[in-house]
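Student: Could you take me through one part of this model closely, following its contacts outward into the parts around it? I would like one connected account rather than a list.

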Amino acid sequence: MTVLVTGATGHTGRHVVSGLLDAGVDVRVLVRDAAKAPAGVEVVQGDIADLTEAAEGVDAVYLLWPSFDSEGIEKALKPLEGKKVVYLSAMSAEHGGVWGDVEKAVQRITDDWTFLRVTGLATNTLGWADQAATGVVRGPYGQARRSLVHERDVADMAVKAITGDHAKQIYLVTGPEALTEAEQVKLIGDATGKSTVWEEQPVAEAKTQLGQQMGVEFATTALGYWASLVTEPEPVSLDVARVTGHPARPFEDWAREHFS
Ligand SMILES: NC(=O)c1ccc[n+]([C@@H]2O[C@H](COP(=O)([O-])OP(=O)(O)OC[C@H]3O[C@@H](n4cnc5c(N)ncnc54)[C@H](OP(=O)(O)O)[C@@H]3O)[C@@H](O)[C@H]2O)c1
């Protein structure tokens with residue numbers, strides 16, 4: 001079996017690569033910069049928009065779509081026709097958006113698909129690193145509760161899905177608990193050894209900032225979602241434990257691994 005891993009230099013992809021190699025699977029990676037490719041794998045240099053060369057002869061693909069819109073998805077996925085596709089999606093896919101569009105496009109090219117719908121990746125909080133070093137992290141909706149998931153749990157799920165039969169399964173991939181953003185910041189402070197607190201940022205200011213990073217439409221949707229999490233926390237799913245055989249890793253452990 002040969003598996004193509006996209007996003008192999010990223011947070012989840014690098015662990016998917018090592019997990020597949022540990023499982024004795026041949027791995028090919030698609031990377032934009034060959035110098036950043038992991039060791040022990042076949043390397044194809046290119047962009048995700050054109051998977052023709054990368055997909056040639058592979059049986060399965062770990063797919064992520066690193067864009068805030070789905071333009072070009074049909075053309076990009078064409079070379080994956082009939083192959084096993086394990087796609088890193090999002091819980092919000094059920095409401096459409098980019099993740100919903102990509103899921104539909106995957107379903108149009110293969111029956112052997114598995115969707116890993118994450119609530120949020122714990123790696124999102126790495127964006128707070130500079131502020132955490134000052135002891136204060138500013139953001140909107142500090143009381144929003146998120147069940148952020150460790151990237152290793154996503155990768156463990158992906159390896160199981162690729163090496164086993166998980167066709168047409170949609171898994172909800174979450175951490176083991178839903179913590180407020182303020183609680184996450186405190187745990188990051190505990191990990192760094194510098195007491196760190198949350199400071200509430202006015203929503204209008206956050207909207208301007210996020211709009212510059214991810215586009216106004218995406219930022220507006222994201223802010224509306226975080227607002228809803230103050231009263232309706234993200235769910236906690238047991239799918240990681242069911243599929244991998246181990247419980248999801250707590251955010252506290254994730255923070256210690258990445259911030260200490
Ligand atoms: N953040 C969340 O909470 C969340 C929630 C749901 C779903 N997701 C999904 O998770 C994905 C991110 O996964 P991750 O954290 O494992 O990755 P990541 O650490 O964000 O890294 C992105 C990866 O994609 C590669 N990449 C970016 N643009 C590319 C292009 N045009 N062609 C080929 N490769 C490209 C990057 O390669 P380089 O080394 O070349 O930059 C890198 O390997 C997102 O795209 C999103 O769809 C995220």
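Tutor: What follows begins with one helix, moves to the aromatic residues, and ends with two helix pairs. The model is a predicted one, and helix 4, residues 97-109, is the place to start. At 1.5 Å a residue, its 13 residues should span 18 Å, and because the C-alpha atoms at its ends are 19 Å apart, the expected and computed values agree. The buried residues of helix 4 are V98, G100, V102, E103, A105, V106 and I109. An α-helix has 3.6 residues a turn, so residues three or four places apart point the same way. With that spacing in mind, one can read the list again, in which V98, V102, A105 and I109 are among the buried residues. The partners against which the buried residues of helix 4 pack are strand 4 (60-63), helix 3 (73-77), strand 5 (84-90), strand 6 (113-118) and helix 9 (216-231).

Helix 9 leads on to the aromatic residues, of which the structure holds 7 pairs. In one of them, F68 and F218 have ring centres 4.5 Å apart and planes at 50 degrees, so this pair counts as tilted. Because F68 sits in the loop between strand 4 and helix 3 while F218 belongs to helix 9, the pair ties together parts that are 150 residues apart in sequence. Both rings belong to partly exposed residues, the relative accessible area being 46% for F68 and 21% for F218. Another aromatic pair, W113 and F115, is stacked, with 4.4 Å from centre to centre and 15 degrees between the planes, and both of these residues are buried. F68 and F218 also belong to one aromatic cluster with W99.

F218 appears once more where helix 9 meets helix 8: there V203, A206, K207, L210, G211 and M214 in helix 8 are in contact with V216, F218, A219, T220, L223 and W226 in helix 9. Helix 8 (residues 203-214) packs against helix 9 at an angle of about 135 degrees, with the axes 7 Å apart, which makes helix 8 oblique to helix 9. The crossing of helix 8 and helix 9 is right-handed.

A further helix pair can be set beside this one. Helix 7 (residues 181-192) and helix 11 (residues 251-259) pack at about 45 degrees, with their axes 8 Å apart, and are therefore oblique to each other. Their crossing is right-handed, and the contact brings Q184, L187, I188, A191 and T192 of helix 7 to F251, E252, A255, R256 and F259 of helix 11.

How values were computed. Residues are numbered from 1 along each chain as its sequence is written. This is a predicted model: local features need pLDDT of at least 70, side-chain atom pairs count only at pLDDT 80 or more; totals for chains, interfaces and linings use all residues. Side-chain values use heavy atoms; hydrogens and water are left out. Helices (H or I, at least four residues) and strands (E, at least two) are DSSP runs, numbered from the N terminus. The expected span of a helix is 1.5 Å times one less than its number of residues. Buried means under 20% relative accessible area, exposed over 50%, partly exposed in between (1.4 Å probe, protein chains only). Contact means heavy atoms within 4.5 Å. Rings of Phe, Tyr and Trp (its six-membered ring) pair if their centres lie within 6.5 Å; planes under 30 degrees apart count as stacked, over 60 as edge-to-face and the rest as tilted. Axes are lines fitted to C-alpha atoms, for helices over the stretch in contact, and angles run from 0 to 180 degrees between N-to-C directions. Angles under 35 degrees count as roughly parallel, over 145 as roughly antiparallel, 65 to 115 as roughly perpendicular and the rest as oblique. A crossing is left-handed if the near helix is turned anticlockwise from the far one by less than a right angle, and right-handed if clockwise.
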